[in-house]
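Reader: Could you take a close look at one part of this structure with me, going slowly from residue to residue? I work at the bench, so plain wording with the computed values would suit me best.

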Amino acid sequence: MTDDRITFHYAPQTRAFGTRFLLEELGVPYELHVMDTRVGDQLKPDYLAVNPMGKVPAISHRGVVVTEQAAIALYLGDQFAEAGLAPGLNDPRRGDYLRWMVFYGSCFEPALVDHAMKRPPLPRNNSPYADYETVVAIVNEHVGRTSSFWLGEDFSVADALWGSALFWVTNFGIFEKTPGVAAYIERVTSRPAFRKAQADEAALVAARDRAG
Ligand SMILES: N[C@@H](CCC(=O)N[C@@H](CS)C(=O)NCC(=O)O)C(=O)O
C-alpha cells in the first residue's frame, strides 16, 4: 500500500522555506521531519538514505523521494493539480513554466553563487549559464515585464520558487533589489501562505533556541 502522506524533510532558514511556502499555498497536509543543518543532521546515515546529497529540501510521498527544490515544486504542482498552481500539459504556458523552473536551478543559482564567491568566470561557451551578466539581465527583464506574477496574472508554483528565492538573495545582498524586483517580492511575500510559512518557521527557530 502506498503512503499518501507527504513527509517533508525540512530545516529552518534554508532553501526548504520555498517548499514550505508552496505546501501552504497548495493547502495539502504534510508531516515535518525537522533537521538542524547547523549540527549536521542532514549528513546522518538515516537522512543520507533519503537524500544521498545530504541536502534539504526533500519530500517522501507514495513511496517516492523527490529532491531538488525545483523538482519538488514541479512534482507537487502536478500531483495537486486541482489547486490550479501549475499549467497543465496542454496549457500554452506549460513551456514557459518548465523553462523558468529549470532555469532557476541550472542558471540562476549557479550564476549567483559563483559571482558571490568571486569565482573566476568560465568562457561563456563552457559555462552552463553563459555568464552572470546575461542571467541577471534576463531575470531583471522578466521581472520588469511582470505586472503581477511570474507566468502572468495568476500566482503559480513558479512564484513559490522565484518569489522566495528573490526574497532571500536580495536580503543577502547578492541580487539587486530594483524597484521592479521589490514590487514583485512584495506581491509574493504578502500572500497569507508566505506569512504563515514564515511565522511557523520563526516559532520553530524560537523553540529550538530556547531549548538550546
Ligand atoms: N540543489 C539543491 C540545493 C539544496 C541546498 O543546498 N540546501 C542547503 C540548505 S539551503 C543544505 O541542505 N545544506 C546543508 C549541507 O550542504 O550540508 C536544491 O535546489 O534543492
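Author: A182 is partly exposed, because its relative accessible area of 28% falls between the 20% limit for buried and the 50% limit for exposed. Please keep in mind that this model is predicted. A182 sits in helix α7, which covers residues 179-189. Its C-alpha atom is 8.8 Å from that of T170, a residue 12 positions away along the chain.

From there we can step back to helix α6, residues 157-171, where W162 is found. W162 has a relative accessible area of 0%, so this tryptophan is classed as buried. The chain brings W162 and W100 to a C-alpha separation of 8.8 Å, although their positions lie 62 residues apart in the numbering.

Next comes a pair of residues with backbone angles worth a look. As background, most residues other than glycine have a negative phi, and most peptide bonds are trans. A130 departs from that pattern: its phi is positive, near 60 degrees, and it is not a glycine. You will find A130 in the loop that links α4 (94-116) to α5 (132-145). With a relative accessible area of 15%, A130 is buried, because the cut-off for that class is under 20%. R62 is another residue other than glycine with a positive phi, here about 50 degrees. The loop between β3 and β4 (64-67) holds R62. Its relative accessibility is 36%, so R62 counts as partly exposed.

Just before R62 in the sequence is H61, which belongs to strand β3, residues 58-61. At 1% relative accessibility, H61 is counted as buried. The side chain of H61 has a partner: it makes a polar contact of 2.8 Å with the side chain of Y75.

Moving back along the chain, P57 lies in the loop between α2 and β3. The peptide bond joining V56 to P57 is cis, with omega at about 5 degrees. V56 also gives us a link to M35, since the C-alpha atoms of M35 and V56 are 8.8 Å apart while the residues are 21 positions apart along the chain. M35 itself is in the loop that runs from β2 (30-34) to α2 (45-48), and its 3% relative accessibility is why it counts as buried.

That brings us to the ligand, whose surroundings include V56 and P57, the two residues of the cis bond. The rest of the shell is made up of T14, R15, Q42, G54, K55, E68 and Q69. Sorted by class, the shell has two nonpolar, four polar and three charged residues. The space that the ligand takes up is the largest pocket.

Let us go through some of the polar pairs in turn. On the side of K55, an N or O atom of the side chain is 2.7 Å from an oxygen atom of the ligand. E68 pairs with a nitrogen atom of the ligand, and here a polar side-chain atom of E68 is 2.6 Å away. Q69 takes part through its backbone instead, with a polar backbone atom 2.9 Å from a ligand oxygen. As for cover, the ligand on its own would expose 510 Å², and the protein buries 76% of that area.

So, if you follow the picture back out from the pocket, K55 and E68 offer side-chain atoms to the ligand, Q69 offers a backbone atom, and the cis bond between V56 and P57 belongs to two residues of the surrounding shell.

Technical notes. Residues are numbered from 1 along each chain as its sequence is written. This is a predicted model: local features need pLDDT of at least 70, side-chain atom pairs count only at pLDDT 80 or more; totals for chains, interfaces and linings use all residues. Side-chain values use heavy atoms; hydrogens and water are left out. A residue is near a molecule or strand if one of its heavy atoms lies within 4 Å of it. A polar contact is a pair of N or O atoms within 3.5 Å; within protein, one must be able to donate a hydrogen and the other to accept it, and residues adjacent in sequence count only if both atoms are side-chain atoms. Accessible areas come from the Shrake-Rupley method with a 1.4 Å probe; for residues, only the protein chains shown count as cover. On a 1 Å grid over the protein atoms alone, a cavity is a set of points where a 1.4 Å probe fits but cannot get out, and a pocket is an open set with protein on both sides within 12 Å along at least five of seven lines; lining residues have an atom within 4 Å of a point. A molecule sits in a cavity or pocket if more than half of its atoms lie within 2 Å of its grid points. Ala, Val, Leu, Ile, Met, Phe, Trp, Tyr, Cys and Pro count as nonpolar, Asp, Glu, Lys and Arg as charged, and the others, Gly among them, as polar. Helices (H or I, at least four residues) and strands (E, at least two) are DSSP runs, numbered from the N terminus. Buried means under 20% relative accessible area, exposed over 50%, partly exposed in between (1.4 Å probe, protein chains only).
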